[in-house]
Amino acid sequence: MQRFRLHQGGLIDRSRPVHFTFDGRSYEGYTGDTLASALLANGVHMIARSFKYHRPRGILGAGSEDPAGLVQVGANANETDPNMRATEVEIFDGLETFSQNCWPSLSFDIGAVNDLVWRWLPAGFYYKTFMGPPANWMFFEPLIRRAAGLGKAPEGKDPDRYESQNRHCDVLVAGGGPSGLMAALTAARSGARVILSEETPLLGGRLNALDPSETSINGKTPREWVAACEAELAKLPNVTVLTRTCAFGYYADNFVALAQIEQDHLAPAARDAARPRQRLWRIRAKEVVLATGATERPLVFHGNDRPGIMLASAAETYLHRYGVKAGNRAVVFTNNNGAWGSAFALAKAGVQIVAIVDARPAPEEALMRQAASLGIPVHPHATIVDTRGQFRVKTAVVRRLDGHRGVSGEATVINCDLIAVSGGWSPNAALFSQSRGKLRFDAGLPGFRPGPSWQAERSAGAANGAMKLADCLAEGAAAGADAATKSGFAGTNPAAYTLQQPDAPSYNGIATWQLPSGRSASSTRAFVDLQNDVQAKDLKLAVQEGYASVEHAKRYTTTGMGTDQGKTVGINAFGILADELGKSMQEVGVTTYRQPFKPITFGALAGQHGGALYAPRRTTPMHDWHESHGAVFEPVGEWLRAQVYTRPGETFASALQREARTARTSVGVLDASTLGKIDIRGKDAREFLNRVYSNAWLKLAPGRCRYGLMLKEDGMVFDDGVTACLAEDHFHMTTTTGGAARVLNWLEEYLQTEWTDLEVYLTSVTEQWAVAAIGGPKAAEVVAAVADKFNPNPGNFPFMSFREATAGGIPARIFRISFTGELSYEINVPASYGLALWERVMAAGDKYKITAYGTEAMHLLRAEKGFIIVGQDTDGTVAPDDLRMPGMAKTSADFIGRRSLTRADTVRKDRKQLVGLLTEDPSVVLMEGAHIIATAVEPVERPAPALGHVTSSYKSPNLNRSIALALVKGGGELIGKTVYVSRKGADPIHATVVETDFMKQVGSHS
Amino acid sequence: MLLITCPHCGTRDQSEFTYGGEAHISRPANSETMTDAQWAEFVFMRNNPKGVWAERWMHASGCRKWFNAVRDTSTDRFLAVYKIGEPRPNVTAAGLATPSGEPVIGSGNDAAKVMR
Ligand SMILES: [Zn+2]
């Protein structure tokens, strides 16, 4: 039973009723309704509680401007959407919606106790509490967390799909109202590529809220004219019309982001799984037309926040767009002529207008006569001083204004169930402001409107301060012509139109930022921000406490900082601040408008980049083998690498111990394909290497390899790796897996910008080569079987050398290098043969019980040998000497970072140096990152003075004990001494400082 | 997202480029004779003006070439782009000094400016 639904009218589909629930109660509406219009049709006004005081909140607006009518949509904990505006949620069969920020229920809410203590929750309450003594915060934090809040975030993984799309266009028109339609038609007819975006489901904007019997365009009703425009635009191949699409961000160089709702409004059964839920459009437009309309302002008076108090234009929208009466007995409260039209429209639809209260001393004669003819009592030069009604407004108390910021005369008490308010209109200049255009105060509006543009855009219609339909149509056409012309379609003429409309006085608003109530300032509760519960007196308090800038006052009071971005707040707040500061509106200015214009889902912003597509994932040619052999993968840079291979019955830890043991006792093989590889050629390649590596490279002979360290100019280690000399002018460089791109960029930068005289060519060949690193006592036997007619014995093939060979006919490069300290060979083959090589190695190693080992065993094996991993044992503050590696800084020539190695700070004796640590108790494995201290007892001093930290720590199966690497202040001097490793909730662990090569000092493989 | 003109390829989205900081800083050839302070000046210190300056960009997702640009940091307008090795063109900011038309020193917000 939709008690407040009119028998006819509205743009809803009465043949398709819809059933939905709000807080468990079932209601009926029609297809085309929003949650707000359907609830209003059922007489439900109170739908929410406010953020701070938990005051009852109703429906103020009819679109994205509505401040506080926020609901939770969807019962499924994984899919539920919090903080959705009831004025924007389209209903469908089975839709479940809930009130939020209240407990146990909307009508009986414990949190409303905040409202009883409101005197003690003034502006800046949170700020003062948080900035005060810590005990305040400790006491209030749990209370505040529970009491203040909005909806519940979904719990699980987002089940929906999102997409994003890039587009170029000649003309982007933001806003599909009368101005936007004229602009789009004009530009489209010129042949320009046009995109028209409209935030709501229907084109037409304010036309949808007009009485269809009173206005005609081109001889058609407003709705018919909109339909004709839509049909024409749909036929043009150069036009894209996007409804349910909000232009939410205007960025540099006419880059505009749009968020499109594709399926939120459909019942789950009607959704197309092949289509995304929402889509992000990233548009680069040559020219932009901003036709984003205007927002009606509420009036700031005592008791202005009850459910049933609504913008006059919203009441008119519910009437004509949705066929819903927002009430039966309405008071219309205004400071301009526009709301008189709303009053007459409501009266015509059968709403009893029990009063028009106008704050202006002398409303227009013509309007007074029309009101009299309809029997509407008028209270000129008056204000509402109070309202009553717990969950819905029941009465309004009216008194005369005395012209001196006060009230006088008798109070008139008027019974009503709706107060339609209008404080004038503010152009929606958010996008204009985001484009870095400058707003100007227009005293005629009064309000801020677009001034000089910064980017290639222009505003048209209500967004530009034009409040008459005729002006909107004309400005829209002119803006479309200008945009098309400037985007290269010269000579475009504005589209023509004819308009018939009854004569109405122009809107003639006055500045009424707040209204007196005759009450003391401290007992007045006049709300400026209905979502964040900011009252006029909070702004005054902010000024008194010294927050003189509008930006500071906004933050101190949280004015306009809710999810509505303060669309109905701004000018009233700026006006109150201007009054309080005794400054002009232009002087006070506006706060910065920021993207997004309204809340956008993270899903839409993430687009396709979720789950497996979150980031590019690179796999090696051997990946399938790893996968089918129990590999546990870990991301390393963009690569997925096998971390360990678990066999049946093995845990991660036991598999790791087996792999690391076998690699030292028999033979192991590592997929090292991910190592960065750079092919370096050119007559100056050798000189180039000598400049980028800290050690010497001029004498490296063809067929030989060398380990090198790369530094940044600050002298700190940046990357390391082995580079082989293939020929006098040809080298094969390897980098760390994660550093490959960084190193290539770094080398390119120096070649292009510093050493342009060097003839060197760099090519990334990381993905061209697949690499199997075979190591262990039986490695030579395996390599002999893998390679064709090749003698890998150390006597024939010395350490740090390189040979070309074939392996089963596959061309191969074999390097005798080692990252484990064992006899090792790295066989490189063209990537497409990677799996074939791998399987050949596994077959050849079978009789030695070869094991594939992953990155975890690789880390362990290299730590046993004291080899570093850049980025784990170094952190950008470690110079070559800090690693205690001799011979890594040549003196024979300059290299990147050289001069920094003799800086006073780099040669400090107490720099952190890399050392080994052996715990007193060999079974204790230190925690990586743990702090190292000098005392056996945890010091009381905070922060505790630390000597350094543990960088790598493992349980070594080959040494049968724990080992760790650490950066310790003056570590080289501490060899043999005891240090202490801090831990939480227990005494520090005793450890001895040792050299980093554990294999050498701990002795025989056990 | 800015539009940036690569002198080799033409105008592309900012997402194709990486930034390289201040331009026209040469690596000293005589570092061994420099004081710590002089060397630190080269390694660590860069200008950060509000206004016109020269900076380096690299067309990472394109031709991968480094180039220089003159940009007005108060407006984000590119005033010139030129190849490595070419001298800095003599250009100055044209038109409004900043989007809001205020002097190049100070906040972009009118209110903050008036209130100060
Ligand atoms: Zn390029």
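Start with helix 13 of chain A, residues 550–557. Select A:V550, A:A553, A:K554, A:Y556 and A:T557: these residues of the helix are buried. Keep in mind that this is a predicted model.

Look at the spacing of that selection. An α-helix has 3.6 residues a turn, so residues three or four places apart point the same way. Within helix 13, A:V550, A:A553 and A:K554 are among the buried positions.

Step past the end of the helix. Which residue just after helix 13 of chain A takes a positive phi? Select A:T558: its phi is about 65 degrees.

Now zoom out to the whole of chain A. Colour by secondary structure, and the chain comes to 24 helices and 49 strands. Orient the C-alpha trace along its principal axes; the spans are about 115 × 70 × 55 Å. Chain A has 1006 residues, and 52% of them count as buried. Draw its contacts next. Take those between residues at least 6 apart in sequence: 66% join residues at least 24 apart.

Switch to chain B and colour by pLDDT. The chain averages 85, and 79% of its residues score at least 70. Where do the elements of chain B reach the highest and the lowest mean pLDDT? Select strand 1, residues 3–6, for the highest, at 97. Then select helix 2, residues 110–115, for the lowest, at 39. Widen that last selection to residues 104–116 of chain B, where the pLDDT is below 50. Beyond near neighbours in sequence, this stretch still has 29 contacts in the model.

Finish with the global scores. The model has an ipTM of 0.91 and a pTM of 0.90.

Methods
Residues numbered from 1 in each chain as written. Chains lettered and ligands numbered in written order. Predicted model: local features only at pLDDT ≥ 70, side-chain atom pairs only at ≥ 80, totals over all residues. pLDDT = per-residue confidence, 0-100. Helix = DSSP H or I, 4+ residues; strand = E, 2+ residues; numbered from the N terminus. Contact = placed C-beta atoms within 7 Å. Buried ≥ 20, exposed ≤ 12 C-beta atoms within 10 Å, placed from the backbone.
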